[in-house]
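Trainee: I have not seen this structure before. Could you pick one part of it and take me through that part closely, step by step?

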Amino acid sequence: MTHQTTAKYNFVKAKILGGGTRAEGNSKAMETNDLKKMLENLISAQQEEAERQKLRDITHMKEFEKLTYLMETSLFKMNTQDDPETFLNKFEQFAQSYSWPKETWPQKLAPLLHGEAQLAYNALDDSGRQCYRKIKEAILQHYRATSDSYRQQFLSLKLLPGESPRFAALKLKDLAIQWLKPMETEKIQLLNKTVLKQFLNILPKEIQDQLQMSQPKDLETAITIAESSFSSFRNTKDISHKHSVLTGDVPMSPASLQNYDSVLFSGKKATCIGNTTPRPSEQAQVVSRFHSNDSLNSLPAEEVDAQSKLPLQRPGKKKLQEPHSLTTIKKRRLSENDETLNHCKKKHQEPHSLTTIKKRQLSENDETLNHYYNMEVKSRNILSHICNKLKESTCTGEEGNDFLKKLKEKVLKMSKNRDIQEEVFIGIFGMTGTGKSSLINALLNEFDLLPTSSLEACTSCIVQVQAHEYSNFTAEIEFLSKEEWEDELKELVGNCKHDRTQDSNVHNKGEDSESYNAKEIITAVYGSDGPNKSFPELVEKDIHGSLRSKFTAKSASELCKIMKSYIVSDSNEDSSCSYWPLVKVVKIFVPKKTCGLPDKVVLVDLPGSGDSNKERNNMWKEYITKCSYVWIVAEINRAQSNSNVLEILNTGLEGAAGGGRCQNIAIICTKTDNTGIKRNEMSKEASSKDERECIKKRNEKAKNTLIKKYNNQVKNFLMGSSDELDVDSKIKVFTVSSKEYWNIQRKMKSSLKIEDTELPLLQDYLKKIYKIQTIKAVKNYISEVSGIISFLNVPKEMAKDKANMNSSLYEKLKNSLTIEIKGLDKFVGDIQTTLQTQLQRGAREAVNKCRNNLESILNPKDANFSGYHKTIKALCKNRGSFRSSTGKFIDLNKKLASPIYAAVDNTFKNTFQFNRDTRRNIKGKLSLLQSNFEKDVALQSQSYRLIFIKTELRRVLVSMENEILRRKINIYNTIFKSIQKKLDQVYKDAYKMEGLNSMSSIQMMFRNKVREGQNSMFREAVEKMLDKFAKLKEFVITTIEDNMEISMKLALTQFPDGLNLPDSSKELEMMKKLCKKLNLNIFN
């Protein structure tokens, strides 16, 4: 009791026990009862106060213990350098000293883990994460495996031909650090001795002998001696047969390649670039990259192409090593019977200027591609040789030096860091469960690269797959930022709360249920109890801290296992944590040797389901515009009977042709092994041959049905209705069976032959796509090289004596080009006039249909409004567009703009076809301009000046093509983006609306806004489109005029006095031969 309570208690007691007269008895008895009640109340109040104090003390003690724990644990939180076993022992000692119950150890250890230990912890299931013994075993086993991997790499590392000793030594040291993880000074000294010993072992015998005589005390001294020895040995003889090979065999390290920039005009004799010592900053970059690619230098020597050798030296002169601009080039197959090769083995190596050519597995069995590869290699070699000659060129005077500098820069730019081919994106579309992932696995000859096992699972993010030159499998992931995810999470939590108070069976009714999707996403990331938690409780878990943006594995199955939680949503899988809701895109790189995927061909698996996330929605739209080819995938039994293909064309792919790069669409029918006939229904005499014939017959019938049903629709979708369409051409339809393909590959029982699965046919189709791109790119590159070398031969024409003649020629060519440009200007102007008429008509139609189009989105006839209001809210959140979990695509902006697009689609698609020349498209008109101008050039006396001008026009038109396509996409999207901007405030306000009548309020807001501003909204959209088209017209005309004026003046005016250009007549003759072999009309 407190002091005051005690005093009151004693006073009350005295009053009760005190005496008095009988007369006072009755009144005092009543007073006594009151005092007793007062005493009881005081005692009860004191007891309650004591209980409250006890609770406060317990709370304070818990907070104190938590604070103490955080302060103590922060002192020894795991870091990258910690030995895992030592760290865990330290943790156990700490836990025991604080008397922590052992069942709490896993919970308290988890936030202390870092790096590889955290990965091992995350790989455990829920039961494993609750057991400290299992956690410890998993971490130690993971580290032992990782450490052993680095140990094996350390012991197996070889000094590759052309690789600098310093680069190899740094790789050894980095591997040793990862293997041994030294901390104390003594351990570091021991590590340095281990690295030094292994470094000596990998050097050639002659270098080893010299180092043993010198007895270097540390690694840096050994590197310095080795570099000096390498230089001296290379100046006298080959070090050994093992370490002296053709320059083409040298696998260049990235750091070595970067040094090429400084070699070309260094003023020194060109030597093997592979022997250049990387700068320290480059070494650090390369060594750090080595771990993400343990096959950095594992390219086999037999994959070098013999025909990439091209002798350029003058007869009778000793052949010196020429520069190798191999920035991105990998080795090609070398033939041991090649005379050039045998000749080079006896003498010094021939020049290779293979700046951007990569090792191409595909070329081994394709004669046409081999032919073009060789032509590209030879032209690069010639240009590399010219670069080497130009470094000796001089010119007197400031004007002359400036001219020569620009000339060198132009040649150098063409000869190095120039990748002549662009990536070709193939978008694979289809509803969930149609077998897109299985199709990609079969195309790449990897059974389990992409997850396909679960019947309920589906690919939930964009997956991009392409080949690379390394031997490992790599995945790179782009995530939503922490801020983007938290914004998304707030909305998801809100949807879960609304669902508990409004509608619980929306999903069962077949409608888009945002609440159902929200629960699925939160459960995937935060576990089964996630939907019941508040937003602050969920964000306490640092999800982004456990994410990894890059994975590397030695096999496809290993990568698949790691990546599954990042790619697949599986409602039936009891996974502790999935990350797919946070993923924007996953980029997977597979070894070129095994997958057979052509270089520069990128397969994009676009998910059949969607969600309301704005960032992923925008990424999906971005990939649609990238895809030049589209494959629509559907199960064969459904492709004929329902409208899946048509629905994808009209909704999912809407705008891919007009507002994207799509020029080709194919239909892929999957699961064609399913005939619908059960085996027990077949007679015993029936054989697999009968079943095969049944399947083949059904597949052929399906092809004919689909071609007949969709051929014209696909053509109209791509090119609009035109009298120039090739009526005989048909869309590609493939009937594939991944299941039968793998049965055959694994020598299991199968009903079909390998060719019946049509996977080989589809693989050949990929190669054909690649071949078209390669041939086009090589021809354009060789044309440009021919023009440059022709220009270098201009001084042989005695330019000063022909000054007047050249001036007259310039005027003639300028007038000729002006006439052609006027024709082009009129052509584009006529298209602009046509578009203006059509746009104005479309705008009037849009006003008339505006109300109906708006109601079709806000108030659809077949919608279940118990849940559809959430779809509208999601649409408002994404500024007018929404892709549902069933793959259905809704876009209010495009729906309102649809009459305008309908009016201009034919003209727009016809105008911007770039896969063929017609009289209605810009490409056809540009080709006609080039052809007519070349005819005018041919009427003049042939000279190297004119050849340069002719090739410059071709270069300008080729480079302009991509910019025209980019602007075309921008022009097409102007209409719906303008409408979107007009409705932006309504989207923002509608998204904030809450309450029982919010749907009615949202509908009214849109109706009022559209009714008030529909005339100006569509008029402004049309004006913006016409303005951008006018700017495109101006760009095309001025680009040709300005560039060709510069090129013609450059070719036909007097060169600076004192200009001393090298003799390139032999290189010119070589280029003439190359052009003749490729049927390029350059020198004719």
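Mentor: A word to settle before starting is contact: two residues are in contact when they have heavy atoms within 4.5 Å of each other. By that cut-off, cysteine 577 is in contact with Ala524, Val525 and Ser565, once its neighbours within four places in sequence are left aside. Keep in mind throughout that the model is predicted.

Cysteine 577 belongs to the loop that lies between strand 6 (568–569) and strand 7 (583–591). Is cysteine 577 buried or exposed? A residue counts as buried under 20% relative accessible area. Cysteine 577 has 9% relative accessibility, and therefore counts as buried. Its C-alpha atom is 9.5 Å from that of alanine 123, although the two residues are 454 apart along the chain.

Some background on the whole protein helps here. The protein has 36 helices and 13 strands, and 52% of its 1084 residues are buried. Among contacts with a separation of 6 or more, 80% are between residues 24 or more positions apart.

The part to look at closely is the sheet that includes strand 7. Nine strands make up this open sheet, with mixed pairing, and their order is 5-4-7-3-8-1-9-10-11. Strand 5 (550–553) and strand 11 (732–735) are its edges, each pairing on one side only. On average, and ignoring direction, neighbouring strands are turned by 20 degrees against each other.

Start at the edge formed by strand 5. Strand 4 (residues 473–479) pairs with strand 5 in the antiparallel sense, and four bridges connect them. One of the residue pairs is phenylalanine 473 with its bridge partner in strand 5, alanine 553. Alanine 553 also appears, with Phe551, on the covered face of strand 5, while Lys550 and Thr552 are on the uncovered face.

Now move along the order to strand 8. How many of the five residues of strand 8 are buried? The count is five of the five, so strand 8 is largely enclosed by the rest of the structure. Both of its faces are covered: Val601, Leu603 and Asp605 are on one side, and Val602 and Val604 are on the other. Strand 5, by contrast, has an uncovered face.

Strand 8 has strand 3 and strand 1 as its neighbours in the sheet order. Strand 3 (residues 462–468) pairs with strand 8 in the antiparallel sense over three bridges, and valine 463 has aspartate 605 as its bridge partner. Strand 1 runs parallel to strand 8, and five bridges join the two. Here glycine 427 is matched with valine 604 of strand 8 as its bridge partner.

Next to strand 1 in the order comes strand 9. Strand 1 (residues 424–430) and strand 9 (residues 629–635) are again a parallel pair, with five bridges, and phenylalanine 429 stands opposite isoleucine 632 of strand 9.

Helices lie across this part of the sheet. Helix 26 crosses strand 1, strand 9 and strand 10 (664–670), and runs at about 145 degrees to strand 9. Which residues of helix 26 (residues 644–652) are buried? They are Asn644, Val645, Ile648, Leu649 and Gly652. Looking down the axis of helix 26, these buried residues fall within an arc of 140 degrees, so they line one face of the helix. The general background is that an α-helix has 3.6 residues a turn, so residues three or four places apart point the same way.

Helix 29 also lies across strand 1, strand 9 and strand 10, and in addition across strand 8 (601–605) and strand 11; it runs at about 170 degrees to strand 9. Helix 29 (residues 759–792) packs with helix 18 (residues 436–443) too, at an angle of about 75 degrees and with the axes 10 Å apart. The two helices are therefore roughly perpendicular. On the helix 18 side the contact is made by Leu439, Ala442 and Leu443, and on the helix 29 side by Leu759, Leu762, Gln763 and Leu766. Sorted by class, this contact has six nonpolar residues, one polar residue and no charged residues.

Terms used: Residues are numbered from 1 along each chain as its sequence is written. This is a predicted model: local features need pLDDT of at least 70, side-chain atom pairs count only at pLDDT 80 or more; totals for chains, interfaces and linings use all residues. Side-chain values use heavy atoms; hydrogens and water are left out. Buried means under 20% relative accessible area, exposed over 50%, partly exposed in between (1.4 Å probe, protein chains only). The arc is that of the directions from the helix axis to the C-beta atoms. Axes are lines fitted to C-alpha atoms, for helices over the stretch in contact, and angles run from 0 to 180 degrees between N-to-C directions. Angles under 35 degrees count as roughly parallel, over 145 as roughly antiparallel, 65 to 115 as roughly perpendicular and the rest as oblique. Ala, Val, Leu, Ile, Met, Phe, Trp, Tyr, Cys and Pro count as nonpolar, Asp, Glu, Lys and Arg as charged, and the others, Gly among them, as polar. Two strands pair if DSSP finds at least two bridges between them.
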